[in-house]
Each structure stands twice: as C-alpha cells, then as structure tokens.
Amino acid sequence: MTQINVRVDGASYTDDVEPRTLLVHYLREQLGKVGTVVGCDTSNCGACTVHLDGQAVKSCTVFAVQADGCQVTTIEGVATGEGESATLHPVQRAFHEMHGLQCGFCTPGMIMASIDLLKENPDPSDEEVREGIEGNLCRCTGYQNIVRAVRQAAAEMSGKAADDPQAEPAAVDTAAADHVAAQA
Amino acid sequence: MIPAPFAYARPSTIEEALQAIADGGEDVKVLAGGQSLIPVMRLRLAAPETLVDLTRVAELRGVREDGDMLVIGAMTTHADVLTDPLLAQYGQLIVQATETVADRQVRRRGTFGGALAHADPAGDLPAVALALDAEFVLAGPGGRRTVPAAEFFVDYLTTALEEGELLVEIRVPKLGEGWGVRYEKFNRVVQAWSIVAVAAAVRREGGRIAEARIGLTNMGPTPLRASATEAALVGVDVSLETVTAAAAQAAEGTSPSNDLNAQADYRQHLAQVLTRRAVAAAAGL
C-alpha cells in the first residue's frame, strides 16, 4: 500500500492504495465518485475522462498513485452549489438542452473532454469540436447533437466569461471527506 | 481489468531512476506516459515486478536547442510537443505526426520518448525519428551512450536499450530554410493506429530536390526508410511526374504484415500512394 494525498472535486483525501489501483477505480470504489464511469477499459472510449491538474486524461489509464499531490476534477465537481440549488456547468446544461445524449453513458467523459477543449479553444468550429472529442466514443447519437451542445456551451461561456463557473469546483477543505469503502 | 501487483518507484532525478531500475529486480518496466504500458498491464500481457514511474523526473521533460540540433527530453508529452515554440519552428515533421497520435487525453499523458522506446511499428513517431536520423541518448549505470535511429529500432517492439538503461533524450536536426515536410497517415478511424503512414522531409534548391528523407510507418517490424525513393528524388526537377515515378519505388525492401486491417500487398500499394502525396506536399506541389 502507498499513501496518497489527492484533492478531488475540492475535497482533500488521504488514502492508502495499491500501486496497481487505477485512478478510475479509486474514484469510484474508494471515494464513491460513481459519476465517472468505466466504458471500454481499453483506453479507447473516453467515458472515464477526468481532469488531472486541469488536463483531461483517461482515468482508466492512470494509476491512482500517480495522482498523489494532484487535483482531480470529475463530472461530479463541475456544477456549482449543491442539490436543488445547484447550477449546472454550461457544458452540462448545453448537453441537456441540445439533446447531446441518449443513454448517457459516454456523457461524463464527453463533458470533461469538452470542457478541456473549450479551455484551449473557446470558440471551436464543428470540425474542431469533432477533433477535440475524438477520444470519446458515443454509440447512440451519431455526435451531431454533441457537437451542437459543445458549440452552444462555447457561445454561452464566451458571452458571460466574467462569472463563468469554471471546471474547477469551489474548494471544500475537508481533510476527512466521506468514503464509501472502509480503509483496509 | 486490473493489473497484477507490482512494486512502485517514483524517482525525481535520472540518477534516482537508474538506481530504482538497478534495484527493481528481474523484471523492471519503466513507466513514461503509460498510454501503451498500462493497457498492456491491464490485459496482463505484461506483469512487471517493479514499475519505475518517470512522471516526476522534471529534467527529462522539455525541448532545447543545441547548435543545429533540437534536444527533446524523453518525457516531453505529445501535448507539450504540439505547443513547443522550437518544434513549431524547426520540428514541423514531428509536430504533424504527433497531431495524429491517438486523441487529446492520450496526448496529455503519452510522451515522445515513451512512444519511441515502445517501438510499435504502427506508432507514428519511430518513422519520423528514423527519417530525421535522430540520435538517441541512453543513460545507464556505466554512463551515457548515443545510438543513431538506424540502430535504435532493432525488431518488433525491440530497441537497442539494454537492461538497466533509460532513454534520456532524443536529438534531431533542425529543419529550417528550404525544407518542406509532410506526415501522411492512413487509418480506418480517427485515434486508430496507422495502417501505413509516410514521413517525408524534402529540401529544395530552386526547382530541384537537393535532399529527401522518407520514413515508413508499419511497413515491417521496425520503421523503415524508403531509400530507393530518396535516391531517385535527389537532383530531379520538382514535378508531379518525377515525384510519382520516385514514389513507385517506396515499397522496395519492405516486409509489411497481413492483419485484420490490411494485407501486405495493399500496404505496399498504400506506401507508394502515401509517399507520392507526402513528397509532393513536402516539395510544395
């Protein structure tokens, strides 16, 4: 077991993990961050995409020990506020409004990859969106509405850049945040 | 799927990394970006005893100039490559090939040195390194040695790296004034491996080709040079006819595999077509 300190969606965690534990399994099984899903388990589909120190990565292809000292943002950390009063991230809202999903399984990864793309390119063309999310597979929609959603989010985010709820969630400094799995 | 257990070392200097490799037992694997190694470990096709993670070895990351050469740290990520100002100016062939590697997320983690040390014949960067006559600087317990690209790629997934050694940096010539480059890749879907790809760099003097460097991806167990085409291009007037004639020899000496994506003869056909396109674009046609 190796001890790691990570900050996930604004909360700090100190945990013992086996070096072979993949980041996605740590997030889901130890922290209960089940918003991040395992799709293909072969680094192809992008469903498990999270941000590691602000950059989109496939969390099935990173070991949890490698996130030691890092900040992780999952799909659960991009909205602001809690429960009924929560405000969706503009990309989340746009996926909803533009019907950018059917079964929804690829959506967490699609949104995390799209947020990463928009940070780098705030006004992408259709083609640039398609290239930007080439690491994310959707087997339902044919991507058409996903591209529309990302472009709508881009327009909304650039329209009110000043109070844009960024991908980084509000900081909650709880050193011993809730875990779902008991520590060994 | 979950990899088999392993001991984990996370050095922060090259010195510490070499020590960790030396201390790691019989079966040590070096973890660079992990975008090939971790999937292989998940499938249990590899189950190393010790994994030495280079992610925190800062001195292995970055690009610098050294006279006429660019020196690329082995842990420079593909995403770093795409935003590096020196590579933008002198390393466009590397940039073009890197743009086609996998996808955004994989390029954030995957590294230039890792892709070369993995030496997958379908990988995009080995053929580029070979076309550029890159030099590979390897560090080992006994010091450093430099291996030319032509000797680095030994066989399928096999390089000149000896046990206990680490790829530290890759030196490539700056391609400046007069050079044109193009990486032409053929694959079935985006983010897929190359079925065949061609890396071409051409130096023009007036209306003639003075020098041509052509690397072939996935045309054998290692990357290959299209030597016959290179020789046929030197001194010719630049035209679609001369380029097409030279490109017809691109598959000479190649031994591509048959697999689900393509048969060998189809790959040889592709090599000619892609070489024509790559050289034509690099020569400004």
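Me: A polar contact is a pair of N or O atoms within 3.5 Å; within protein, one must be able to donate a hydrogen and the other to accept it, and residues adjacent in sequence count only if both atoms are side-chain atoms. How many residue pairs between chain B and chain A are in polar contact?

Reply: There are 21 such pairs between chain B and chain A, both residues being at pLDDT 80 or more. This is a predicted model: local features need pLDDT of at least 70 and side-chain atom pairs 80 or more, while totals for chains, interfaces and linings use all residues. Residues are numbered from 1 along each chain as its sequence is written, chains are lettered from A and ligands numbered from 1 in the order written, and side-chain values use heavy atoms, without hydrogens and water.

Me: Which elements of chain B give two or more residues to the side that touches chain A?

Reply: On the chain B side they are helix H2 (37-42), strand S3 (50-53) and helix H6 (104-109). H6(B) gives the most, with six residues. Helices (H or I, at least four residues) and strands (E, at least two) are DSSP runs, numbered from the N terminus.

Me: How many residues does each chain put into the contact?

Reply: Chain B puts in 30 residues and chain A puts in 30 residues, contact meaning heavy atoms within 4.5 Å.

Me: And how much area is buried between chain B and chain A?

Reply: About 2600 Å² is buried between the two, and carbon and sulfur atoms give 48% of that. On the chain B side, B:Arg104, B:Gln105 and B:Arg108 lose the most area to chain A, together 26% of what that side buries. Buried area here is the accessible area (1.4 Å probe) that two parts lose on being put together, summed over both.

Me: Salt bridges next. How many are there between chain B and chain A?

Reply: Between chain B and chain A the count is eight, and over all chains it comes to 28. A salt bridge needs a side-chain nitrogen of Lys or Arg within 4 Å of a carboxyl oxygen of Asp or Glu.

Me: What does B:Arg104 pair with?

Reply: B:Arg104 has a salt bridge to A:Glu120, with the closest N and O atoms 3.4 Å apart. B:Arg104 lies in helix H6 of chain B and A:Glu120 in helix H3 of chain A, so the pair joins two chains.

Me: Are those two residues buried or exposed?

Reply: B:Arg104 is buried, at 10% relative accessible area, whereas A:Glu120 is exposed, at 53%. Buried means under 20% relative accessible area, exposed over 50% and partly exposed in between (1.4 Å probe, protein chains only).

Me: What else forms a salt bridge with A:Glu120?

Reply: B:Arg108 does, with the closest N and O atoms 4.0 Å apart. That pair also joins two chains, because A:Glu120 sits in helix H3 of chain A and B:Arg108 in helix H6 of chain B. B:Arg108 is buried, with a relative accessible area of 14%. Another salt bridge brings B:Arg42 and A:Asp41 together by their side chains (4.0 Å, N to O).

Me: Now within chain B. What is the salt-bridge partner of B:Glu65?

Reply: B:Glu65 pairs with B:Lys174, with the closest N and O atoms 2.7 Å apart. B:Glu65 lies in strand S4 (residues 63-66) of chain B and B:Lys174 in the loop between strand S10 (166-173) and strand S11 (179-186), so the pair ties together parts that are 109 residues apart in sequence. B:Glu65 is partly exposed, at 43% relative accessibility. Elsewhere, salt bridges that share partners join B:Asp133, B:Arg203, B:Glu205, B:Glu211, B:Arg213, B:Arg225 and B:Glu230 into one network.

Me: Different topic: how many aromatic pairs does the structure hold?

Reply: Over all chains it holds four. In one of them, the rings of B:Phe152 and B:Phe153 have centres 5.1 Å apart and planes at 90°, so the pair is edge-to-face. Rings of Phe, Tyr and Trp (its six-membered ring) pair if their centres lie within 6.5 Å; planes under 30 degrees apart are stacked, over 60 edge-to-face and the rest tilted. Ring pairs link B:Phe136, B:Phe152 and B:Phe153 into a cluster. B:Phe152 is buried at 0% relative accessible area, and B:Phe153 is buried at 7%.

Me: Where is B:Thr222, and what does it touch?

Reply: B:Thr222 is in the loop between strand S13 (208-217) and strand S14 (224-225) of chain B. B:Thr222 touches B:Pro121, B:Phe153, B:Val154 and B:Asp155, leaving out residues up to four places away in sequence. B:Thr222 is buried, at 13%.

Me: Last one: why is helix H2 of chain A largely enclosed?

Reply: Because six of the eight residues of that helix (residues 90-97) are buried. What covers those buried residues includes helix H3 (107-120) and helix H5 (144-159) of chain A.
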